[in-house]
Structures are given as C-alpha cells and as structure tokens.
Amino acid sequence: MQVTQTSSEGLKRDFTVVVAAAEIESKVTEKLTTVGQQVKLPGFRPGKVPMNILRQRFGRSVMGEILEETVNETSQKALTDNELRPAQQPKIEITKFDEGEDLEFTIEVEIMPEFEPMDFSKLKLEKLVADVADEKVAEALEQIAGQQKNFKKVARNRKAKEGDAVLIDFVGKVDGVAFDGGTAEGHQLELGSGQFIPGFEEQLIGQKGGDEVAVKVTFPENYGSADLAGKDAVFDVTVHEVQEAAPVEIDDDFAKKLGLDDLAALKDAVRGRMEEEYSQLSRQTLKRNMLDALADGHSFEVPPGMKESEFNNIWDQFKQELERSNQKMEDQDQSEEELKAEYTEIAERRVRLGLLLAEVGRLNNIDVSNEEVQQAMLVQARNFPGQEQQIFEMFQKNPEMQNSLRAPIFEDKVVDFIAELATVSEKKVSVEELTADPDEATEEKPKKKAAAKKAPAKKAPAKKKADGDKPAAKKAAPKKAAAKKSEK
C-alpha cells in the first residue's frame with residue numbers, strides 16, 4: 001500500500017492510496033479458496049472445485065467484498081499511521097480500478113482540532129432555584145379538580161339535558177333477543193360524552209328520573225363485534241335519576257378517588273411533582289450558563305464540513321418554521337444574507353461546544369452504558385401506551401435511534417462532571433422568573449439596518465450540536481434573541 005498526502009489545509013487532509021494489484025489478487029484467491037471448502041456444486045466434492053470454476057461462479061461477488069474490505073482496512077491504516085483523529089466519517093472515492101490493475105482511491109478527512117479544555121475549577125456558575133409555595137400547590141389542586149367530573153342528583157326531578165348524567169339500567173336486544181355485554185344496572189352515563197354508540201345518548205335527553213324508554217340504534221358497520229356490526233338494536237332503558245355537574249370538593253374523598261390515602265398525601269404528591277419540575281428548570285438555567293461560559297472560554301477552529309452540515313440543519317428548520325407560520329423570507333427584519341450569517345455563527349458555536357464536550361468525555365473516560373440506553377428505551381416506550389413492546393423492539397433494531405438516546409445521556413453526564421468541578425452558586429428567584437422563557441427579548445426591537453451590529457456570536461447563547469432544539473423563525477426577532485432559540 002502506498003499513501004500520499006496531497007493536501008493539508010486547516011483541519012482538512014487529502015490522501016491518495018494505491019493498493020497493488022498483486023495484493024488484491026492474493027486476497028481474492030484466498031477468499032475463493034475458503035468458498036471452495038464450503039460450497040457444494042454438482043459433480044464436485046467439497047474442497048475439490050477447480051479455481052477457474054470458482055472464479056466464474058463467485059469471482060464478481062468476492063471481488064466486491066475484497067474491494068470493500070481493502071478500502072476500509074487501508075483507509076483506516078492510513079489515518080492511524082498519520083496519527084489522525086477524524087472529526088467525522090472520511091469521504092472515500094475510488095478513482096481507478098480494473099481487474100488485474102492497482103486499486104487507487106482518495107481520502108478526504110476533516111480532523112479534530114487540537115485544543116485543551118479550560119480549568120473547570122475556575123468556572124463560576126449561577127443556578128436559579130425557586131421554592132414551591134403553598135398557593136402554587138393549591139392552584140395545582142384546583143386545576144386537577146377542574147379536570148374531574150362530579151355529578152349529583154338534581155334537587156328537583158327535571159328533564160335531562162346535554163352535559164347532565166343519568167343513572168340507568170338497560171338491556172340491549174337484537175331481534176328481540178338480549179345479547180352478551182348489552183346489559184347493565186346502575187350505570188352512570190354522561191350525556192354528550194360519546195361513550196355509547198351514536199344515537200343512544202341523544203335519545204335520553206329530555207327524559208326524567210323514573211322514565212322508561214326504548215332506545216333504538218344501529219350498530220356501526222365497523223363495530224368491534226362482528227355479531228352486532230351493522231345490526232339494528234333496541235335498548236330497554238330505565239332512568240333512575242338525573243344528575244347535574246357539581247363542583248369537586250378537594251377533600252379526603254377526592255384524594256381517595258385519585259388513589260391516595262387522604263388530602264395530605266395528595267398535597268405531598270403534587271408538591272413533589274412540582275419540586276421535580278422546578279429542579280429540571282433549575283438545571284436548565286445552570287446548563288445554559290455553563291454553555292455560555294464554555295463558549296466564552298474556548299476559541300478554536302472547527303471542521304468546515306461539520307459547520308456546514310450544522311448550518312444546513314438550522315437553515316432547513318428555519319425555513320420549515322417560516323412555512324408553518326405562513327411567513328416569507330421578506331417578512332423578516334433581517335435580509336436572507338444577514339440571517340445566514342447569523343445562523344452560520346450559531347452553527348459554528350454548536351459544533352465547537354459539541355467537540356469540546358466530546359473531548360471532555362474522552363479525556364475523563366465518560367461513557368454511556370448499554371444499561372443506561374436500555375433504560376432510556378423503556379422510558380420512550382412508555383410514552384406509547386399499548387405499543388410499548390413494538391416501540392422497544394423498534395429501538396433495539398435501529399442503532400441510529402439508540403444513538404439518538406445515547407447522545408443526550410452523554411451530554412448530561414459531561415455537564416454533571418463539569419458542574420462538580422465548577423463553583424455553583426444558587427440564586428433564589430420567583431416561580432415566574434424561573435419559568436420565564438429565556439428567549440423572550442426584553443430589549444426594544446432593532447431596525448433592520450441595525451441587525452448586523454448586534455452582539456457577537458460568542459456572546460449569544462446558542463446551543464451546541466448535541467442539543468436538538470432549533471432556532472425559531474420569529475418575525476421581527478432581534479438577532480440576539482434568535483440566537484438564544486437554539487440554547488434550550
């Protein structure tokens with residue numbers, strides 16, 4: 001193998017690799033010999049198939065395998081021998097190959113920049129924290145109660161209307177014969193809820209407690225039971241009482257309906273959930289401040305291909321957001337050139353922060369275990385009730401989907417590592433301050449001509465590559481605020 005470096009510019013390296021025809025032929029012959037030991041052909045005993053027959057039958061496929069293996073092995077050896085750390089997958093192109101001749105191909109690779117992470121013990125970070133006030137717990141309980149249905153018997157018997165509930169007995173019959181699953185006693189039915197087949201609830205509107213009514217319906221053609229689908233049925237219904245919606249009392253009985261022992265336990269559960277939410281928000285503020293500090297504390301060249309790829313992702317998301325919000329490029333306060341320059345700066349910052357965190361993880365042996373990925377897969381699967389097994393298996397079979405879970409876990413572990421070394425101070429704030437959208441610009445919107453004069457990109461809290469949020473397409477958005485959109 002002969003390796004010649006043809007270009008060295010910045011972080012980009014180009015090589016030409018030539019593999020001798022004799023080396024390739026040797027590998028092909030060796031592979032065909034192995035195939036001959038295993039293959040069964042009519043008229044030949046295993047291991048006795050002539051080489052010319054093997055070449056005729058399997059030569060093309062074997063040559064393809066050998067070329068792929070040779071390119072992979074020699075390209076990796078070329079990078080290793082030159083002590084290069086690729087920043088991303090090298091681009092390989094076969095430039096010359098005919099059977100019986102040398103193999104020639106090129107390698108284009110962008111390498112990792114050389115840099116040293118800062119001394120994280122000198123980092124001073126601020127973390128916003130907020131207490132869960134009793135009134136916030138009370139507000140949450142009111143919201144929960146508002147989502148519950150509570151019906152009480154009307155004080156004076158009256159006709160039922162939509163939104164009421166009726167307490168009923170019923171017997172369903174098809175051709176005069178009761179069918180399985182069509183009978184119930186003391187069933188509470190909210191009128192207008194759509195719980196029963198179409199037409200059933202409507203026929204109970206206007207009925208009063210003590211009424212008996214024959215409800216005539218037709219089962220839908222796609223009904224779950226084939227015996228009933230599309231058939232006419234009559235339900236003999238006895239209305240015991242009409243019930244009207246009543247405010248939900250937030251007491252021990254209410255807590256028990258939700259599966260808790262009493263009201264005190266419910267309050268504790270609500271407070272615990274809110275504390276967890278506040279904790280996550282606090283962590284986000286710490287992470288945002290950390291990324292700002294890391295961006296300010298490091299300045300090194302980033303691989304141009306990675307920056308271009310990241311910019312394309314951002315720009316595509318920006319255009320999709322424009323389309324979703326029915327806006328046009330000319331609606332923006334900045335020109336297309338100014339926006340592209342802005343998002344190029346954001347892309348560069350994302351890539352730089354991504355490379356930095358990756359290097360911190362590498363130097364400190366921070367890794368994501370298979371068990372952690374498995375746990376993340378389970379969490380994702382639980383988001384699809386009834387399909388947990390299918391979703392979990394989908395992740396198991398798709399390495400790219402697993403990597404999409406591995407990346408944020410790795411990022412969080414590196415962030416925690418840096419936070420342990422840094423000096424972190426807590427600042428008590430109100431809930432409103434903690435939950436405020438950091439992307440909401442408080443400064444006056446600039447005029448279009450002033451857009452290019454705003455704060456430099458390194459001051460704009462843009463998110464690194466591993467993060468998944470996108471910059472929002474916001475009409476008349478100030479440049480600094482637009483950059484912050486990628487920082488959540």
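Which backbone oxygen lies 3.4 Å from a polar atom of the side chain of Thr-74? That of Val-71. This is a predicted model, and here's a quick tour of it. The protein has 12 helices and 11 strands, and 38% of its 488 residues count as buried. If you take the contacts with a separation of 6 or more, 70% of them are between residues 24 or more positions apart.

**The four-stranded sheet**

- Start with the open sheet: it has four strands, in the order E1-E2-E4-E3, and the pairing is antiparallel.
- E1 (2-9) and E3 (91-96) are the edge strands, and each has a single partner, so one side of each goes without a neighbour in the sheet.
- Going from one strand to the next, the twist averages 20 degrees.
- H2 packs on this sheet and touches E1, E2, E3 and E4 (103-110). The direction of H2 makes about 50 degrees with that of E4.
- E1 pairs with E2 (residues 12-19) in the antiparallel sense, over seven bridges. For a specific pair to look up, Val-3 has Val-17 in E2 as its bridge partner.
- Gln-2 sits in strand E1. Leaving out neighbours within four places in sequence, Gln-2 is in contact with Thr-16, Val-17 and Val-18.
- Gln-2 and Ala-78 are 76 residues apart in sequence, but their C-alpha atoms are 9.1 Å apart in space.

**Back to Thr-74**

- Thr-74 belongs to helix H2, which spans residues 51-81.
- Is Thr-74 buried or exposed? Its relative accessibility is 5%, so Thr-74 counts as buried, the cut-off being under 20%.
- Setting aside neighbours within four places in sequence, Thr-74 is in contact with Met-1, Val-17, Val-19 and Phe-105. Val-17 is worth a second look, as it's also the bridge partner of Val-3 and one of the contacts of Gln-2.

**The E7-E8 hairpin and the loop after E8**

- E7 (residues 165-174) and E8 (residues 177-190) pair in the antiparallel sense, with eight bridges.
- Within that pairing, Val-171 has Thr-183 in E8 as its bridge partner.
- The hairpin has two residues between its strands, and Asp-175 takes a positive phi near 55 degrees there.
- Further along, Gln-207 is in the loop between E8 and E9 (212-218).
- Why does Gln-207 count as buried? Its relative accessible area is 18%, and buried means under 20%, so Gln-207 makes the cut.
- Beyond neighbours within four places in sequence, Gln-207 is in contact with Arg-158, Lys-159, Ala-160, Val-213, Val-239 and Val-242.

**Helix H5 and its partners H3 and H7**

- H3 (residues 134-146) packs against H5 at an angle of about 110 degrees, and their axes are 10 Å apart. Since 65 to 115 degrees counts as roughly perpendicular, that label fits H3 and H5.
- On the H3 side of this contact you'll find Asp-134, Lys-136, Val-137, Ala-140, Leu-141 and Ile-144. They meet Leu-266, Lys-267, Val-270, Arg-271, Arg-273, Met-274 and Tyr-278 in H5.
- By class, the contact of H3 with H5 comes out at eight nonpolar, no polar and five charged residues.
- What about H5 and H7? The axes of H5 (residues 263-297) and H7 (residues 336-363) come within 10 Å and cross at roughly 95 degrees. H5 and H7 are therefore roughly perpendicular to each other.
- Here H5 brings Leu-291, Asp-292, Leu-294 and Ala-295, which meet Arg-349, Leu-353, Leu-356 and Leu-357 in H7.
- The contact of H5 with H7 has six nonpolar, no polar and two charged residues.

**Ile-409 in helix H10**

- Ile-409 is part of helix H10 (residues 399-421).
- Which residues does Ile-409 touch, not counting those up to four places away in sequence? They are Val-368, Glu-372 and Ala-376.
- With Ala-376, Ile-409 has a C-alpha separation of 8.7 Å, and the two are 33 residues apart along the chain.

Note on methods:
Residues are numbered from 1 along each chain as its sequence is written. This is a predicted model: local features need pLDDT of at least 70, side-chain atom pairs count only at pLDDT 80 or more; totals for chains, interfaces and linings use all residues. Side-chain values use heavy atoms; hydrogens and water are left out. Buried means under 20% relative accessible area, exposed over 50%, partly exposed in between (1.4 Å probe, protein chains only). A polar contact is a pair of N or O atoms within 3.5 Å; within protein, one must be able to donate a hydrogen and the other to accept it, and residues adjacent in sequence count only if both atoms are side-chain atoms. Contact means heavy atoms within 4.5 Å. Axes are lines fitted to C-alpha atoms, for helices over the stretch in contact, and angles run from 0 to 180 degrees between N-to-C directions. Angles under 35 degrees count as roughly parallel, over 145 as roughly antiparallel, 65 to 115 as roughly perpendicular and the rest as oblique. Ala, Val, Leu, Ile, Met, Phe, Trp, Tyr, Cys and Pro count as nonpolar, Asp, Glu, Lys and Arg as charged, and the others, Gly among them, as polar. Two strands pair if DSSP finds at least two bridges between them.
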